[in-house]
Amino acid sequence: MVQASKWLVWVGLMMASVLSWPVQAGAPGPYRLAFVDISAAPYQDGQRLAIELRNMESLPVAQKEFCFLCSSTTDSSDSVAMLYVYTLPVGLDIDELRLAVAGDKAAAQRMQTVIHRFADAEGRGIDGLLIYLHQAGKVSVYTMDRKVGSKLSEESKPVKNRLLHSSLDTLLENAASKLARPV
């Protein structure tokens, strides 16, 4: 009888822990992304902004209630678990990415092949690449899927001088939502 009670307690604890997981059945889980800034000088502010945003616990509620990239939201299926911003998959090339953004399909396929083949030290890949391009009066984030041959999509926002953290977070969230992710 005591053995059965212990077993039931163990099963109950296991069920409670499974039910408390933030990822629901059918959800692909948190994002695994790479981020690169392909802007020309003096507009190369994307990496700095992304790192600052990633290090924030949250955004001021007045700016945006939910923070896609902030460090405190990494347990939600609508958040970013891993963000490669300091180091990128070997083989990604800024000039090739600029060509891809400009519409060169061959360059895009070469870069998608790099993304598709990438695996970190634990053998996990990424969902895609977010390409940041700041030009005079406009910031764009292009989504490059890991599926070779898929089209790049763009999210953009007009800016006067610089982009707010909340605006970058929204651009990244909207861009990432366009990635085809397996369940």
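This report describes the fold of a single chain, beginning with its overall make-up and moving on to its sheet, its helices and two loops.

## Overall make-up

The model is predicted. The chain has 183 residues, and 42% of them count as buried. Its secondary structure amounts to five helices and five strands. Read from the N terminus, these elements follow the order α-β-α-β-α-α-β-β-β-α. Among contacts between residues at least 6 apart in sequence, 62% join residues at least 24 apart. The exposed area of the chain is about 10,500 Å², of which carbon and sulfur atoms supply 57%.

## The sheet

The five strands make up an open sheet with mixed pairing, and their order across it is 2-1-3-4-5. Strand 2 (80–84) and strand 5 are the edge strands; each has a single partner strand, so one side of each has no neighbour in the sheet. From one strand to the next, the twist averages 25°.

Three of the pairings are described here. Strand 1 (residues 31–37) runs parallel to strand 3, and five bridges connect them. Strand 3 (residues 128–135) and strand 4 are antiparallel and are joined by eight bridges. Strand 4 is also antiparallel to strand 5 (residues 153–158), with six bridges between them.

Several residue pairs can be used to trace these pairings in the structure. Between strand 1 and strand 3, L33 is opposite G128, and D37 is opposite Y132. Y132 in turn faces V141 in strand 4. Further along the pairing of strand 3 with strand 4, H134 is opposite V139. V139 also has a bridge partner in strand 5, namely K157.

Strand 3 and strand 4 form a hairpin, with two residues between the strands. One residue in the turn, G137, has a positive phi of about 85°.

How much of strand 3 and strand 4 is buried? In strand 3, seven of the eight residues are buried, so this strand is largely enclosed by the rest of the structure. Strand 4 (residues 138–145) is mostly covered, with seven of its eight residues buried.

## Helix packing

Two packed helices are described by the angle between their axes and the distance between the axes. The table gives these values for two pairs.

| Helix pair | Angle between axes | Distance between axes |
|---|---|---|
| Helix 3 (residues 94–101) and helix 4 (residues 105–117) | about 130° | 7 Å |
| Helix 2 and helix 5 | about 95° | 10 Å |

Helix 2 and helix 5 are therefore roughly perpendicular to each other, at an angle of about 95°. On the helix 2 side, their contact is made by L49, A50, E52 and L53; on the helix 5 side, by H165, L168 and D169.

With an angle of about 130°, helix 3 and helix 4 are therefore oblique to each other. The crossing of helix 3 past helix 4 is left-handed. In this contact, E96, L97, L99 and A100 of helix 3 meet A107, A108, R110 and M111 of helix 4.

Helix 2 (residues 46–55) also lies across part of the sheet, namely strand 1, strand 2 and strand 3, and runs at about 145° to strand 1. Its buried residues are G46, L49, A50, I51, L53 and R54. These buried residues pack against strand 1, strand 2, strand 3 and helix 5 (165–176). L49, A50 and L53 are thus listed both as buried and as part of the contact with helix 5.

## Two loops

P42 is found in the loop between strand 1 and helix 2. The peptide bond joining A41 and P42 is cis, with omega of about 5°.

The second loop connects helix 4 and strand 3, and D120 lies within it. Is D120 buried or exposed? Its relative accessibility is 15%, and the cut-off for buried is under 20%, so D120 counts as buried. Leaving aside residues up to four places away in sequence, D120 touches R32 and Y84.

Definitions and conventions. Residues are numbered from 1 along each chain as its sequence is written. This is a predicted model: local features need pLDDT of at least 70, side-chain atom pairs count only at pLDDT 80 or more; totals for chains, interfaces and linings use all residues. Side-chain values use heavy atoms; hydrogens and water are left out. Buried means under 20% relative accessible area, exposed over 50%, partly exposed in between (1.4 Å probe, protein chains only). Helices (H or I, at least four residues) and strands (E, at least two) are DSSP runs, numbered from the N terminus. Two strands pair if DSSP finds at least two bridges between them. Contact means heavy atoms within 4.5 Å. Accessible areas come from the Shrake-Rupley method with a 1.4 Å probe; for residues, only the protein chains shown count as cover. Axes are lines fitted to C-alpha atoms, for helices over the stretch in contact, and angles run from 0 to 180 degrees between N-to-C directions. Angles under 35 degrees count as roughly parallel, over 145 as roughly antiparallel, 65 to 115 as roughly perpendicular and the rest as oblique. A crossing is left-handed if the near helix is turned anticlockwise from the far one by less than a right angle, and right-handed if clockwise.
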